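Colleague: I would like to learn how to read a model like this one feature by feature, beginning with empty space inside it. Could you give me the general idea each time, and then the case at hand?

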Amino acid sequence: MTTDSTTTGFDTREVRRARYAIAAVFTVHGAVTGSFATRVPWIQDHAGVSAGQLGIALAFPAIGASLAMPLAGTVSHRFGARTALRGLLALWTLALILPALAPNLLTLCAALFVYGASAGMSDVAMNALGVEVENRLDKSIMSGLHGMWSVGALIGSAAGTVAAHVGADARLHHTVVALVLTVLGLIACQRVLDLRSEPDEEPPPRFALPPKSALIIGAVGFCAVFAEGASLDWSAVYLRDVLDNSAGLAAASTTAFALTMAIARIAGDRIVDRFGAVRTVRTGGILATVGGVMVVTAPNAALAMSGFGLMGLGIAVVVPLAFAAAGRSGPNPSQAIAGVATITYTSGLIAPSAIGSLAEATSLVVSFGVVSVLAFGLVLGAGVLRAGDRKPVASSDAGAASRAAAAPRP
């Protein structure tokens, strides 16, 4: 194999292959989430739980992910990045089978805890390799990788919608999808970078408090994920209840928001390469804020949907850049990544319920006013993502999987 003639010394063909492989991994990961989301009503009926009990159960994926994510670095350190990702991704795809099998609330909570734990660990592992590939290519790819995750989620949700429409049993549907995605994931993992820690390298701590840098960067990610979660879960309700539109048009607003996010992420790398992480996020924050104001002042569906679209466009690249910045923020990037991931997962967990509680106390208009304020926080906090602007790396140290870079999804 030939090596790159630049100072990096990396085999450029291997790195390019690894880029496509890790993009495929992101797509597989997203497809699991999309497949699960569309069958939640079936799972609720099968488990015999009320709406309130379902809300409790749906908190367990985030709990499992938050507790398990710090372990990803240890797994990568012990087994190597490729083997770790292969195993963790397979756990995640196969975990899709569990929720549909749950006959009651207790088993559903347990199944969703395992589902979330495997999601979080594979999330950290795949993004660790994504940032390492980005470093070696010396150009932004993280936004595009997260865009491929969104594409996978759309594919999974589309297939799930068809399965639900024909009345397919979710146990059969999820088993078939899990097996197919497991095979695809294992094939994709064959081409990811095979990074290994040095023999004398200290393993990362199993559990540790996130460094200060992670808390600051995580705060920016919190604002973006909160706005994303609020828009995805409440945009349709907003159009139906506040603007008195039909259920079909209301649902279209959620689809439009998700598509805007996916397209913006796929196209975002070129923008980041040209303008840098800070300027990109600051401009995105302005767009998201304007979009939020449009939503709360909209007299009709067209303006509100345009506002949701602007919010999706503005926040699309924030999370990828936040994790990329964490992956370059200090001597223990994997610890920083786990910290940022925990913050963003927490934001995604509390956003829907927080919007609902505030709407019940005031109104949905006030709730999205708060979202607009958080979107403006991206403008103020964009400077902390300066670490996300890449610097060429001269080392192929295998410790990168658990030590030198990482960054999970939304």
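Modeller: A cavity is a set of points, on a 1 Å grid over the protein atoms alone, where a 1.4 Å probe fits but cannot get out, and its lining residues have an atom within 4 Å of a point; points are joined across faces, edges and corners, and the volume is the space filled by probe spheres set on them. By this rule the structure has 1 cavity of 30 Å³ or more. Before going further, please note that this is a predicted model, in which local features need pLDDT of at least 70 and side-chain atom pairs count only at pLDDT 80 or more, while totals for chains, interfaces and linings use all residues. Residues are numbered from 1 along each chain as its sequence is written, and side-chain values use heavy atoms, with hydrogens and water left out.

Colleague: How much space lies in the largest cavity, and which residues line it?

Modeller: The largest cavity holds about 30 Å³ of space, and its lining consists of Phe 36, Val 40, Ile 43, Leu 54, Leu 58, Leu 108 and Leu 112. Helices α2 (40-47) and α8 each contribute at least two residues to that lining.

Colleague: How many helices and strands does the protein have, and how much of it is buried?

Modeller: Helices (H or I, at least four residues) and strands (E, at least two) are DSSP runs, numbered from the N terminus, and here there are 17 helices and 0 strands. Of the 410 residues in the protein, 54% are buried, where buried means under 20% relative accessible area, exposed over 50%, and partly exposed in between (1.4 Å probe, protein chains only). If we take contact as heavy atoms within 4.5 Å, then among contacts between residues at least 6 apart in sequence, 85% join residues at least 24 apart.

Colleague: Which residues have the most contacts inside the largest nonpolar core?

Modeller: A nonpolar core is a set of buried Ala, Val, Leu, Ile, Met, Phe, Trp, Tyr and Cys residues joined through side-chain atoms within 4.5 Å. The largest one has 112 residues, and Ile 22, Val 25, Leu 85 and Phe 368 have the most contacts inside it; its largest share, 13 residues, comes from α8. Taking Val 25 as a case, and not counting residues up to four places away in sequence, we find that Val 25 touches Leu 85, Leu 89, Met 126, Ala 188, Cys 189 and Val 192.

Colleague: Since Cys 189 appears in that list, how many disulfides does a search of the whole structure find?

Modeller: With a disulfide taken as a pair of cysteine sulfur atoms within 2.5 Å, the search finds 0. As for where individual cysteines sit, Cys 189 is buried at 0% relative accessibility, and Cys 109 is buried at 9%.

Colleague: How many salt bridges are there, and are Glu 228 and Arg 265 buried or exposed?

Modeller: A salt bridge is a side-chain nitrogen of Lys or Arg within 4 Å of a carboxyl oxygen of Asp or Glu, and the whole structure contains 4. One of them joins Glu 228 to Arg 265, with the closest N and O atoms 3.8 Å apart; this pair links distant parts of the chain, Glu 228 lying in helix α11 (residues 212-242) and Arg 265 in helix α12 (residues 247-275), 37 residues apart. Both Glu 228 and Arg 265 are buried.

Another bridge brings together the side chains of Glu 132 and Arg 136, at 2.9 Å from N to O. These two are separated by about one helical turn, because they are 4 residues apart in helix α8 (residues 105-137). Glu 132 is buried at 4% relative accessibility, as is Arg 136 at 11%. A further bridge, between Asp 169 and Arg 171, has an N to O distance of 2.7 Å; here Asp 169 is partly exposed at 27%, and Arg 171 is partly exposed at 34%.

Colleague: Where are Ser 372 and Val 162 found?

Modeller: Ser 372 lies in helix α17 (residues 364-381) and is buried, with a relative accessible area of 6%; leaving aside neighbours within four places in sequence, Ser 372 is in contact with Thr 289, Gly 292 and Val 293. Val 162 belongs to helix α9 (residues 142-165) and is exposed, at 53%, while its C-alpha atom is 9.5 Å from that of Thr 38, 124 residues away along the chain.

Technical notes
1 Å grid on protein atoms, 1.4 Å probe; cavity = no way out; pocket = protein on both sides within 12 Å on 5 of 7 lines; lining within 4 Å.
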